[in-house]
Amino acid sequence: MRVILLGTAAGGGFPQWNCACALCTSDTPPRTQDCVAVSADGEGWYLLNASPDIRGQILATSPLRAGPGPREIPLRGILLTDAELDHSLGLLLLREAGGLPVWAPDAVLHALSDQFPARSIIDGYGGWNWLPASAIAIDGLRVSALPVSDKRPKYARSSAEDGPWVVAYRIEDVQTGGVFVYAPCLKSWPDEFDSFTEGADLVLLDGTFYAPDEMSGATAAEVGDGAQQAMGHLPITGSLAKLRPGPRWAYTHLNNTNPVVDPSSPEHAAVLNGGASLPLDGTEFKL
């Protein structure tokens, strides 16, 4: 199984276009918005989430580019962990695909029909298949989903759907036995998460914030007090101590406020010392 990190930043990317903080104006390596590509054979690829940066991410990743035929593409489908815009807006940019299967939690599928009508827009360009995350069928890969949060996006606050609104995926290569767990949005560390990651070779975790008070002070004055907690992301300080020997642990979905994006920061060093990594866009793993 090949796993390519197409983007590793939270919504807005890094640097964020409307921010002139010390991090965003530094020489720290840029990151596009969180998205992953996975393949069992290196020929057919599945996206885990569809970021607003997906066009550039595909063109920057040779295995995902069109060919050899004029209109042949290696994309075979998309798995959504949630309905957040930074994970679903890219669907609109893939409308020329002519029809792809999209798997997502039921609440997410409803939100993409009712609150954010992406499904009707995309289906106008070619009939896609919208399927529940409980019934994922991919050649060469065995996929299971674990509900990890009831946090719904702002545009879906009026939705009557109970959820789950956010899931993590466990993907196993049927031939090699390699296991990859993708959990870019964790509101907490669920009791079942330890068993869900048991035997995994690679676990990609929510690294949105380093600390629970990261957006306090001047930043909070701009986004509102309590905004960070409402975003539903377990900070790295709350997950790093839970890591155990065995899997390769890595963090993704890094916010522009997160000091770990700076390789010279003490917070970056603390993550490495804690047994995890902070891979950049374009990093590939083979499991």
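# A walk around the sheet and its neighbours

Let's start at a helix: the buried residues of α4 pack against α2 (85-88), α3 (90-93), β5, α5 (118-123) and β6. One thing to keep in mind as you click around is that this is a predicted model.

**Stop 1: helix α4.** Select residues 106-114, which make up α4. Which of its residues are buried? Colour A107, V108, L109, A111 and L112, and you have them. As you look along the helix, remember that an α-helix has 3.6 residues a turn, so residues three or four places apart point the same way. Next, show β5 (101-104) and β6 along with the helix: α4 packs on the sheet and touches both of these strands. Its direction makes about 145° with that of β6.

**Stop 2: the whole sheet.** Now bring up the strands. There are 7 of them in an open sheet, and you can step across in the order β6-β5-β4-β3-β2-β1-β13. The pairing is mixed. Where are the edges? Look at β6 (129-132) and β13 (284-286), since each of these edge strands pairs on one side only. Turn the view a little and you can follow the twist, which averages 20° from one strand to the next.

**Stop 3: strand β1.** Select residues 2-7. Is this strand mostly covered or mostly open? It's mostly covered: 5 of the 6 residues in β1 are buried. Now check its two partners. On β13, the strands run antiparallel and 3 bridges join them; find V3 and you'll see F285 of β13 standing opposite. With β2 (residues 35-39), β1 also runs antiparallel, and here 5 bridges do the joining. To pick out one pair, select I4 and its bridge partner in β2, A37. While you have side chains on screen, note that in a regular strand they alternate between the two faces of the sheet.

**Stop 4: β3 and β4.** Move along to residues 45-48 (β3) and 75-79 (β4). These two run parallel, and 4 bridges join them. Try Y46: its bridge partner in β4 is G77.

**Stop 5: two unusual backbones.** Just select N49, in the loop between β3 and α1. Its phi is near 75°, a positive value in a residue other than glycine. Is N49 buried or exposed? Its relative accessibility is 0%, so N49 counts as buried. Then jump to H253, in the loop between β11 (248-252) and α10 (266-273). H253 isn't a glycine either, yet it has a positive phi of about 60°. With 4% relative accessibility, H253 counts as buried because the cut-off is under 20%.

**Stop 6: two cis prolines.** Select G67 and P68, which are joined by a cis peptide bond with omega about 0°. You'll find P68 in the loop between α1 (54-59) and β4. Then select G163 and P164: a cis peptide bond joins these too, with omega about 10°. P164 sits in the loop between β7 (141-149) and β8 (166-173).

**Stop 7: a pocket.** Finish at the second largest pocket, with about 490 Å³ of space. What lines it? There are 16 lining residues, and I58, A66, I73, L94 and E96 lie nearest the centre, so to speak your landmarks. Helix α1 gives the largest share of the lining, 4 residues. By type, the lining divides into 12 nonpolar, no polar and 4 charged residues.

Conventions:
Residues numbered from 1 in each chain as written. Predicted model: local features only at pLDDT ≥ 70, side-chain atom pairs only at ≥ 80, totals over all residues. Heavy atoms only, no water. Pairing = 2+ DSSP bridges. Axes fitted to C-alpha atoms, helices over the stretch in contact; angles between N-to-C directions. Contact = heavy atoms within 4.5 Å. Buried < 20%, exposed > 50% of the residue type's maximum accessible area, 1.4 Å probe, protein only. 1 Å grid on protein atoms, 1.4 Å probe; cavity = no way out; pocket = protein on both sides within 12 Å on 5 of 7 lines; lining within 4 Å. Points joined across faces, edges and corners; volume = space filled by probe spheres on them. Nonpolar A, V, L, I, M, F, W, Y, C, P; charged D, E, K, R; others polar.
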